[in-house]
Amino acid sequence: MSALDPLWYKDAVFYQLSVKTFCDSTGDGVGDFRGLTGKLDYLRGLGVDCLWLLPTFPSPFRDDGYDIADYYNIHPMYGTLQDFREFLAAAHERGLRVITELVVNHTSDQHAWFKEARSSRDNPRRNWYVWSDSDDRYAGARIIFLDTERSNWAWDPESKAYYWHRFFSHQPDLNYDNPAVREEIWNVMRFWLDLGVDGFRVDAVPYLIEREGTSCENLPETHDVLKFLRGRLDSHYSGKVLLAEANQWPEDVRPYFGDGDEFQMAFHFPLMPRMFMALRLEDRKPIVEIVERTPAIPDSCQWGIFLRNHDELTLEMVTETERDYMYEEYARDPVARLNLGIRRRLAPLLESDRRRIELMNGMLMSLPGAPIVYYGDEIGMGDNIYLGDRNGVRTPMQWNGGWNAGFSSADPERLVQPLISNPLYGYQAINVESQERTEHSLLNWMRRLITVRRSSRVFSRGTTTFLQPANHRVLAFLRSLDREQVLVVCNLSSTAQAAELDLRQLAGALPIEMFGKSLFPRIGGASYVLTLGPYDFYWFKLRRI
Amino acid sequence: MAQMIADTLRQVGMNFVDALRVFLPRGVITISIVVAGWLIATIVRLFVRRILRWVRFNLACERAGIAALLKSAELPPAEALAASTAFWLVLVGFLLSGVDVLGFATIQGLVSALAGFIPRLLVSIAIVVVGFFAANLAWRATLLAAVNARLPSPRLLGGAVRSLILILAGAMALEQVAVARTIVLTAFAISFGAVMLGLAIAFGIGGGGIARRILEHQFPEREQSGADDLPHL
Amino acid sequence: MAEDSLLPDELLHHLMAVGQVDVLVGIPTLNNAGTIADVVRAVHRAFSRYFPRDRTVLVNSDGGSTDDTPAIVRDASVEEADTLTVSHRLRTTHRISTPYHGVPGKGSALRQILAAADLTQARAVAVLDPEVTSVTPEWIAALIGPVRADQYDFVMPIYNRHPLEAMLVTQIVRPLLGAIYGWRVREPLAAEFGGSGRFVTWSLEQDVWGSELARYGIDVWITGAALSGGFRCCQAPLGPRVQTSTHTPGFQDVFQQVVGSAFACVETQAGYWVTRQTAEPLPIVGPSRGEASRPAMVDGSRLTDAFRADIRALRAVLGTILSDDTMAALDRLSSSAGPLDFPDDLWGTIVYAFLLAYHRAVMRRDHITQALAPLYLGRTGAFLLRHADADPPAVEAALESLCSRFEQLKPALVEHWNQPGQR
């Protein structure tokens, strides 16, 4: 990936982490930028290209930092702006890019802007938020945090009015009908771009605009805002990426790419639960359907695909039947369920089954889109569903089996989140140091996987054509880019399977398995029979020699 | 004179003794043959009875209607009758052999003729028995087919078929034993045309459905009962 | 497990791809192009609506159709919503159409379907009739549901029929089999059923598949086998049954096949019912559906008029089968004036006598069933005359009474069953 390539994000492997729980350099029990800087070699060694940091703004931390009280600073517990600059420089030195969070939809109710806005109806910032004398406006909008919120309106006793909030009640929504808000947000972006960040993951974009009689999601005016911000970005910078968080159906996310003049990237939310579903069903149908349903996007754009992240495994974009199925198969304990989702990490969801973990990562790295790895999943970290909210998947990184898993030198009781310490997923069993010493550990396997993925642009930029073998337990698809072709075959079943693939169009090609470089029989005119072990997968580079 | 009479008597007596001397051994042999034959015939009767019981001959005859016929004629059951027949055939055979040993020319001629007649008699009996079976089967098949096909006079049809087959069998049996040959042949020729009809109906035994359909098509005289109009299933 | 010769390579190929399933629906066909598409669609809707999480497959076993039935099965479109809805299926649905090998007839087709179910380890199997146009997704749910819930091994349908329909069932098969097997079943001749994997495996191991019974009477054999095989059986209301047949055999053929099969079935399963002394109703699972319409009535007097003449004609044959007392009663009946009044008692005695005669083979067995046909028509005619204007509950009560009578006469049958020669 060239440092000068403006489309670098299309080929990047992203790594999402929380500074707070990555590495503590000061011994106060909280991760910080200096600690993160010290781990950049590890991240480089993993093979990832871009780091995505969860919010590090000053915040009352009632939503783990997504409730921002100051857009122009770093929270002191993470360090200083200088620490951030040094981190950025060190990352760039190692060829790592960095994108940060940009929470544009709302602020904390502790933000100075809101404090001013609520102080009086005549305050100049009053109109920076959405106010109403009644709570029955915008009745068509759904409640997102169902487990905690009963309404999208909250009563402000200070200004004797209701304010609009699509998320927690302590997160009032900004009013993007106000041009001043747009300008200020642009200022925020400029601030961080000038510091050197390579882009932003923009939180909660569908909800920027409200209109009566609508669902207040994905409204046309929202795109005006986004085009405005993107226009400013392009006119001042190059090679920066905006990644949209829009938890919608693919066809509803498509508008957020615009004509290449809005977001460069957007998460493909509906694919993720369907990968888990396909694995459990042992049936490729959910994956094939959602990918085939995904509309084409501009050439300069890219989907962001992932297995897990800092939020619950969202089940918003599935049917009721599918949701019930996912709950029954992956979250029998109701404590694991939150807000129409499942708050578990990858390894516990897959019962720490190495084969399934590998298969899911293999699919992540070969399906169309830029893959995003969630910190800790590369070593198979566990979770703690008994921590509140989604904190169970945001526990400290497990570096070694020693004091506080090498995360911090503080007293264990002082840690910002408790460590996972059970015999199965605890830091004594699952940690980076142990896995670095083991050739065939999950960590080393992930490194090899990412290396192989990066060896060919066909994964990041190629077209995708699904094959339809009669055996529905086998997912097979062809990635093609110019003359380069890679055949991906995955066994979604817990038992060995045979698959007959119709590869007549590829007759004459020689499949070379990409991990071991082994030759497989040449493709002929008849069905190509492959046998796969449980949860096995192959990536075949097709050579014509 | 007295001396002549005495001499003649002496001569006759000596001739008689000579004849007796010649006859007695033969007589003893004949009696031995007959006794042996009786023993063997008894064994054969037992044997035949065993075999017929094993193949359920009585049951078959009951189905063929022969049992009923025998009962009405106050004859013993078919199995016993067959066993007895076998007994008497064997015994008669030995009797004839024994008589043949005696050397009486007239009787020897009779024995030869009888020996030639018995196999034909056996075949004739077999023809009659088979004919009974076939006739009964054909009668029942025709009767049932005619009733279910709503044909007119089913009993008449069935009876006609049975009669014709019996006549055929009887004619064949009589022809075997060469009794009233000319009369039999003539009568048979006259009846032959009717037998063809019986065979056509008897075809229903093997192709009852086809026969019925043919009959239904050819003889739609009797009013249909409406069986096909009902929703039976 | 299934014999290899049952499964052509093409079918094996498909089954390998299908793998294990939870639900298999089988449809035997022969020239059903006019109706099969609707049946296939109903099956797929049932899969989506009632078994969205289950691994499912539809298997069509075809007897060599010349009207493109297999192609219609394969290509019948099943509309799915363009957007993902509540009823959207989670899994791939497989649909297989394959010819069967073996003796022509439903038995071979059914055997192939059961073999496919066995190999795919199907937990629940339903078999449908391709000619029934009233089939709905709820039929499949009703047949499969109790099995899938692991409550029953065998589910028999109950159709919404007017009690004056299906006389062959109501006058002979139902009372006979109900009394003999000791289970009161509404539709012992049903072409549809639901079964468990356990029942499927056991059925394949039975010695019926190459016989004439498999060819013409597999439906009644399946019922009898389930009842006598120690399986948990129940009945499920399906609704009205509307059948569109391209080829309807004549009454005689139907009667021979049905009654002959019923008798043969009873004979082969005698080991079970000879010692069974009670008669119990089978549980009914599910709500009743729909209402039955009154069938087009046939004039019973035509049947009874023919009956009198038939008795006279068949006297000699009937005398071989029926006892003297029964014969005398029949004579009195046939010579009686006025509308024919055929008592349940006499009818039950006659049916059992014919069954005994069949068992002992007092004559050719097809002759025995042929001889019963006119008596059945007379009985049917008398029943129709008597209940022509009765309301359905009254007719049902009369049919229940008939079944009870058969049950009461059973001990006499059992007593004579193993004694040769006595009538």
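Here is a walk through a predicted model, from the place where two of its chains meet to some of its salt bridges.

Let's start where chain C touches chain B. On one side, 38 residues of chain C take part, and they are in contact with 28 residues of chain B. Putting these two chains together buries about 2800 Å², and carbon and sulfur atoms give 61% of that area. What kinds of residues make up chain C's side? They divide into 25 nonpolar, five polar and eight charged.

Now for the charged and polar links across this interface. The rule finds one salt bridge between chain C and chain B. The partners are C:D310 and B:R150, with their closest N and O atoms 2.8 Å apart. Polar contacts between these chains come to five residue pairs. On chain C, the elements that give two or more residues to this side are helix 6 (167-181), helix 10 (251-268), helix 12 (300-321) and helix 15 (365-387). Which of the elements of chain C gives the most? That would be helix 12 of chain C, with ten residues.

B:R150 deserves a second look. You'll find B:R150 in the loop between helix 5 (105-148) and helix 6 (154-176) of chain B. Is B:R150 buried or exposed? B:R150 counts as buried because its relative accessible area is 6%, under the 20% cut-off. Its backbone is worth a glance too: B:R150 has a positive phi of about 60°, although it is not a glycine. Most residues other than glycine have a negative phi. Chain C offers another case, C:A166, with a positive phi near 55°. C:A166 sits in the loop between strand 5 (154-159) and helix 6 of chain C, and at 3% relative accessibility C:A166 is buried.

How far should you trust chain B? Its mean pLDDT is 79, and 77% of its residues reach 70 or more. Among its elements, helix 1 (residues 2-54) of chain B has the highest mean pLDDT, 88, while helix 8 (residues 208-218) of chain B has the lowest, 66. Where pLDDT is low, the predicted coordinates should not be read in detail.

Next, try C:I72, which lies in helix 3 (residues 69-75) of chain C. At 25% relative accessibility, C:I72 is partly exposed. C:I72 and C:A37 are 35 residues apart in sequence, yet their C-alpha atoms are 6.3 Å apart in space. Leaving aside neighbours within four places in sequence, C:I72 is in contact with C:A33, C:I36, C:A37 and C:D67.

Finally, back to salt bridges: the count is 72 over all chains. One of them pairs C:R53 with A:E328, at 3.0 Å between the closest N and O atoms. C:R53 lies in the loop between helix 2 (36-50) and strand 2 (56-62) of chain C, and A:E328 lies in helix 11 (residues 320-330) of chain A, so this pair joins two chains. Within chain C, C:R184 forms a salt bridge with C:E407, their closest N and O atoms 2.8 Å apart. C:R184 is in strand 6 (residues 183-184) of chain C and C:E407 in helix 16 (residues 392-417) of chain C, so the pair ties together parts 223 residues apart in sequence. C:R184 is partly exposed at 32%, whereas C:E407 is buried at 18%.

Over in chain A, A:D389 and A:R390 meet in a salt bridge with an N to O distance of 3.4 Å. They belong to a network of salt bridges that also links A:K20, A:D63, A:D64, A:D311, A:E312 and A:R394.

Definitions and conventions. Residues numbered from 1 in each chain as written. Chains lettered and ligands numbered in written order. Predicted model: local features only at pLDDT ≥ 70, side-chain atom pairs only at ≥ 80, totals over all residues. Heavy atoms only, no water. Contact = heavy atoms within 4.5 Å. Buried area = accessible area lost by both parts, 1.4 Å probe. Salt bridge = Lys/Arg side-chain N within 4 Å of Asp/Glu carboxyl O. Polar contact = N/O pair within 3.5 Å; in protein donor to acceptor, adjacent residues only side chain to side chain. Helix = DSSP H or I, 4+ residues; strand = E, 2+ residues; numbered from the N terminus. Nonpolar A, V, L, I, M, F, W, Y, C, P; charged D, E, K, R; others polar. Buried < 20%, exposed > 50% of the residue type's maximum accessible area, 1.4 Å probe, protein only. pLDDT = per-residue confidence, 0-100.
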